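User: Please take a close look at the pockets of this protein and explain them to a first-year student. I should also like to see how the elements around them are arranged.

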Amino acid sequence: MENTKALLLAAGFGTRLKPLTEIWPKCLMPIRGRPLLEHWLGILKKSGVDDVLVNTHYFSEYVEEFLGQPQFIGWVNSAYESDLLGTAGTIRNNIKFCKDNTLLLAHADNWTCCIFSDFLDYHHNQRPKDTVMTMMTFTCPTPSSCGIIELNDSGIVVGFHEKVDNPPGRLANAAVYLIESEVIEWIENNPEITDFSTEVIPQFMGRISAWEN
């Protein structure tokens with residue numbers, strides 16, 4: 001997809017998957033015999049996104065060895081973090097890559113299944129005017145365990161409730177975003193900000209469109 005880059009977050013410890021992640025990174029866990037990160041890269045390539053950066057930290061040597069395979073050369077690069085920077089911190093640390101394009105931000109150690117070309121098309125061609133981000137959403141069976149959003153009649157996010165008891169609805173943030181340069185520039189200019197969902201999203205409330213997976 002022209003002018004769309006992707007930042008895949010793959011640096012985390014995968015603590016909820018222990019003890020498996022005591023010997024192997026979560027982003028390389030096999031799903032039907034293929035590493036999760038390989039599924040992500042295949043989805044992006046098929047959707048026309050062929051400029052990808054993967055951040056690494058935990059078991060980075062395994063992830064970087066995986067990314068060194070011939071099929072990824074020339075369009076997938078990695079960025080090692082000696083200390084975890086947080087989701088917004090990773091964007092700021094790779095600002096030259098992230099600026100001046102639409103950025104697809106996703107947690108590559110989560111399983112996501114949808115028609116990604118529809119997600120991209122909605123953001124580029126159908127999202128409400130004056131929105132600077134599209135958030136993928138899904139209907140959650142256990143809403144208190146997720147970030148639940150509220151929408152107005154135009155499908156714009158006007159409320160966000162991060163893992164609270166009895167949230168007002170079941171439509172949850174899937175933590176997959178398409179982001180425009182205005183948001184990236186705000187992150188660049190606010191160096192104290194580290195977390196995307198709790199610190200960046202509230203700043204753009206009313207300017208985030210939602211696409212339901």
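Analyst: The following account treats the two largest pockets in turn, and then a helix pair and a strand pair. The model is a predicted one.

We begin with the largest pocket. The space inside it amounts to about 1200 Å³. Its lining is made up of 39 residues, and those that lie nearest the centre are R16, H107, D109, N110 and A175. Several elements give two or more residues to this lining, namely α3 (87-93), β7 (133-139), β10 (171-179) and α7 (196-200). Of these, β10 gives the most, with 4 residues. When the lining of the largest pocket is sorted by class, 16 residues are nonpolar, 16 are polar and 7 are charged.

We turn next to the second largest pocket. Here the space is about 240 Å³. The residues that line the second largest pocket include H39, I43, K46 and S47, and among the others are W111, T112, C113, C114, I115, F116 and S117. Two helices, α1 (36-46) and α5 (116-126), each supply at least two residues of this lining. The largest share comes from α1, which contributes 3 residues. By class, the lining of the second largest pocket has 6 nonpolar residues, 4 polar residues and 1 charged residue.

The helix α1 also leads to a second topic, the way in which helices are placed against each other. Two packed helices are described by the angle between their axes and the distance between the axes. In this model, the axis of α1 and the axis of α2, a helix of residues 60-67, come within 11 Å. The two axes cross at roughly 40°. An angle under 35 degrees would count as roughly parallel, while roughly perpendicular begins at 65 degrees; α1 and α2 are therefore oblique to each other. The crossing in which α1 passes α2 is right-handed.

Finally, we consider a pair of strands. Strand β8 covers residues 147-151 and strand β9 covers residues 157-162. These strands run antiparallel, and 5 bridges join them. In one of these pairings, E150 has G159 in β9 as its bridge partner. The hairpin of β8 and β9 has 5 residues between the strands, and within this hairpin G155 takes a positive phi near 75°.

To review the pockets, the largest holds about 1200 Å³ of space and draws the most lining residues from β10, whereas the second largest holds about 240 Å³ and takes the largest share of its lining from α1.

Note on methods: Residues are numbered from 1 along each chain as its sequence is written. This is a predicted model: local features need pLDDT of at least 70, side-chain atom pairs count only at pLDDT 80 or more; totals for chains, interfaces and linings use all residues. Side-chain values use heavy atoms; hydrogens and water are left out. On a 1 Å grid over the protein atoms alone, a cavity is a set of points where a 1.4 Å probe fits but cannot get out, and a pocket is an open set with protein on both sides within 12 Å along at least five of seven lines; lining residues have an atom within 4 Å of a point. Grid points are joined across faces, edges and corners, and a volume is the space filled by probe spheres set on the points. Ala, Val, Leu, Ile, Met, Phe, Trp, Tyr, Cys and Pro count as nonpolar, Asp, Glu, Lys and Arg as charged, and the others, Gly among them, as polar. Two strands pair if DSSP finds at least two bridges between them. Axes are lines fitted to C-alpha atoms, for helices over the stretch in contact, and angles run from 0 to 180 degrees between N-to-C directions. Angles under 35 degrees count as roughly parallel, over 145 as roughly antiparallel, 65 to 115 as roughly perpendicular and the rest as oblique. A crossing is left-handed if the near helix is turned anticlockwise from the far one by less than a right angle, and right-handed if clockwise.
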